[in-house]
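Open the model in your viewer and keep the selection tool at hand. This tour moves stop by stop, telling you what to select and what is there.

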Amino acid sequence: IVLEVLPEGKLKIIPEATREGLAKRLAEIYGPRPDKIIFVKGDSTVKYQDVIYAMDMARGAGVKVIGITPKTTQ
């Protein structure tokens, strides 16, 4: 599962985009899963602190962040 950090404080995870409800949504997604692993992908225009926020929310929901990748355009 990939959590995308987008411009203007938006977050995208299958396919919802929300900042306020992220921890709750992650708990819903990962609650029944034995493996609680996520990748975080930051848009090239977002601030580092926004990516850290998303990572912290994921960790707070009991999810292990195993990768951070920049979002690239092709």
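## Just past the second helix

Start at Gly-62, which follows H2 and has a positive phi, near 85 degrees. Helices here are DSSP runs of H or I with at least four residues, strands are runs of E with at least two, and both are numbered from the N terminus.

A note before moving on. This is a predicted model, in which local features need pLDDT of at least 70 and side-chain atom pairs count only at pLDDT 80 or more, while totals for chains, interfaces and linings use all residues. Residues are numbered from 1 along each chain as its sequence is written, and side-chain values use heavy atoms, with hydrogens and water left out.

## The whole chain

Zoom out and show the protein chain as a cartoon. Two helices and five strands appear. Trace them along the sequence, and the pattern reads β-β-β-α-β-α-β.

Now switch on the surface. The accessible surface of the protein chain is about 4800 Å², and 54% of that belongs to carbon and sulfur atoms. Such areas come from the Shrake-Rupley method with a 1.4 Å probe; for residues, only the protein chains shown count as cover. Of the 74 residues, 31% count as buried. Buried means under 20% relative accessible area, exposed means over 50%, and partly exposed lies in between (1.4 Å probe, protein chains only).

Contacts come next, meaning heavy atoms within 4.5 Å. Among contacts with a separation of 6 or more, 65% are between residues 24 or more positions apart.

## Helix H1

Select residues 22–30, which form helix H1. Color its buried residues: Leu-22, Leu-26, Ile-29 and Tyr-30. They cover an arc of only 80 degrees around the axis, which puts them on the same side of H1. The arc is that of the directions from the helix axis to the C-beta atoms.

What covers these buried residues? The cover includes strand E1 (2–5), strand E2 (11–13), E4 and helix H2 (48–60).

Stay on H1 and pick Arg-25. Arg-25 forms a salt bridge with Glu-28, with the closest N and O atoms 3.1 Å apart. A salt bridge is a side-chain nitrogen of Lys or Arg within 4 Å of a carboxyl oxygen of Asp or Glu. Arg-25 and Glu-28 are three residues apart in H1, so about one helical turn separates them. Arg-25 is partly exposed at 25% relative accessibility. Glu-28 is partly exposed too, at 45%.

Now draw a distance from Arg-25 to Ala-58. They are 33 residues apart along the chain, and their C-alpha atoms are separated by 9.8 Å.

## Helix H2

That distance leads to H2. Select its 13 residues; the end C-alpha atoms are 18 Å apart, which agrees with the 18 Å expected at 1.5 Å a residue. The expected span is 1.5 Å times one less than the number of residues.

Which residues of H2 are buried? Color Asp-50, Val-51, Ala-54, Met-55 and Ala-58. Seen down the axis, these fall within an arc of 140 degrees, so they line one face of the helix. Turn to the face away from the buried side to find the exposed residues Tyr-48, Gln-49 and Gly-60.

Zoom in on Asp-50. Its relative accessibility is 18%, so Asp-50 counts as buried. Asp-50 touches Val-5 and Arg-19, not counting residues up to four places away in sequence.

Next, select Asp-56 and Arg-59. Their side chains meet in a salt bridge (3.5 Å, N to O). The structure holds two salt bridges. Asp-56 and Arg-59 are three residues apart in H2, so they are separated by about one helical turn. Asp-56 is partly exposed at 42% relative accessibility, and Arg-59 is partly exposed at 45%.

## A loop and a patch

Go to Glu-8, in the loop between E1 and E2. Glu-8 has a positive phi of about 65 degrees although it is not a glycine. Is Glu-8 buried or exposed? At 76% relative accessibility, Glu-8 counts as exposed.

For the last stop, select Val-2, Ile-37, Phe-39 and Ile-66. They make a nonpolar surface patch of about 310 Å². Patches are made of residues with over 30% relative accessible area and no salt bridge; like charges are joined within 9 Å, nonpolar side chains (Val, Leu, Ile, Met, Phe, Trp, Tyr) within 5 Å. Click on Ile-37, found in strand E4 (residues 37–43). Ile-37 counts as partly exposed, at 36% relative accessibility.
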